[in-house]
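Hi everyone, thanks for making the time. I have one structure to walk through today, so let me put it on the screen.

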Amino acid sequence: MPQRIYCRKCGFILYNSQELICPSEILKRFGDECPRCHKTLSFNPQLVSISR
Ligand SMILES: [Zn+2]
């Protein structure tokens with residue numbers, strides 16, 4: 001099952017892959033900021049959603 005991580009504010013998909021990865025690693029790739037709405041991201045269920 002794919003792992004998906006997306007911005008809770010605008011729904012931008014930050015990560016969508018079959019490969020499981022540490023969510024904090026993904027946030028680091030984006031500089032802890034959503035590229036679309038520039039919301040500061042943190043690995044927090046309020047801010048990002050993860051579905052598997
Ligand atoms: Zn966003």
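The mean pLDDT of this protein is 82, and 79% of its residues reach 70 or more; keep that in mind, since what you see is a predicted model. If we go element by element, S2 has the highest mean pLDDT, at 88, whereas S3 has the lowest, at 62.

What does the protein contain in the way of elements? There are three strands and one helix. Reading from the N terminus on, the order is β-β-α-β.

Two overall numbers before the details. Of the 52 residues in the protein, 13% are buried. And if you take the contacts with a separation of 6 or more, 43% of them are between residues 24 or more positions apart.

Let's begin with the hairpin. Strand S1 covers residues 3-7 and strand S2 covers residues 13-17, and the two pair in the antiparallel sense over four bridges. If you want to find the register on screen, Tyr6 has Ile13 in S2 as its bridge partner, and Ile5 stands opposite Tyr15 in S2. Five residues sit between the strands of this hairpin, and Gly11 takes a positive phi there, near 85 degrees.

Let me stay with S1 for a moment, with two of its residues. Arg4 has its place in this strand. Is Arg4 buried, exposed or partly exposed? Arg4 is partly exposed, because 15 other C-beta atoms lie within 10 Å, and a residue needs 20 or more to be buried. Follow the chain 19 residues along from Arg4 and you come to Pro23; the C-alpha atoms of this pair are separated by 9.6 Å.

The other one is Tyr6, also in strand S1. Tyr6 has 17 other C-beta atoms within 10 Å, so Tyr6 is partly exposed. There is a long-range pair to point out here: Tyr6 and Cys34 are 28 residues apart in sequence, and their C-alpha atoms are 9.0 Å apart in space.

Now to the helix, H1, where I'd like you to click on Ile26. Which residues does Ile26 contact, leaving aside its neighbours within four places in sequence? The answer is Ile5, Leu14, Tyr15 and Ile21. Two of those names came up a minute ago: Ile5 and Tyr15 are the residues that stand opposite one another in the hairpin. From Ile26 to Tyr15 the C-alpha distance is 7.1 Å, with their positions 11 residues apart in sequence. Even so, Ile26 counts as partly exposed, because its C-beta neighbours inside 10 Å number 18, and the cut-off for buried is 20 or more.

After the helix comes the loop between H1 and S3, and I picked three residues from it. Asp32 lies in this loop, and Asp32 has a positive phi of about 60 degrees although it is not a glycine. For those who spend less time with backbone torsions, most residues other than glycine have a negative phi. Asp32 has 13 C-beta neighbours inside 10 Å, so it counts as partly exposed.

His38 is in the loop between H1 and S3 as well. What is its phi? For His38, phi is positive, about 60 degrees, and again this residue is not a glycine. His38 is exposed, because it has 11 other C-beta atoms within 10 Å.

The third loop residue is Ser42, which lies between helix H1, residues 23-29, and strand S3, residues 48-51. Ser42 is exposed, since the count of other C-beta atoms within 10 Å is 12, and 12 or fewer is what puts a residue in that class. Along the chain Ser42 is 15 residues from Leu27, and the C-alpha atoms of these two are separated by 7.0 Å.

One reminder as you look at the last strand: S3 is the element with the lowest mean pLDDT, 62. That's my tour, and I'm happy to take questions.

Conventions:
Residues are numbered from 1 along each chain as its sequence is written. This is a predicted model: local features need pLDDT of at least 70, side-chain atom pairs count only at pLDDT 80 or more; totals for chains, interfaces and linings use all residues. Two strands pair if DSSP finds at least two bridges between them. Two residues are in contact if their C-beta atoms, placed from the backbone, lie within 7 Å. pLDDT is the predictor's confidence in each residue, from 0 to 100.
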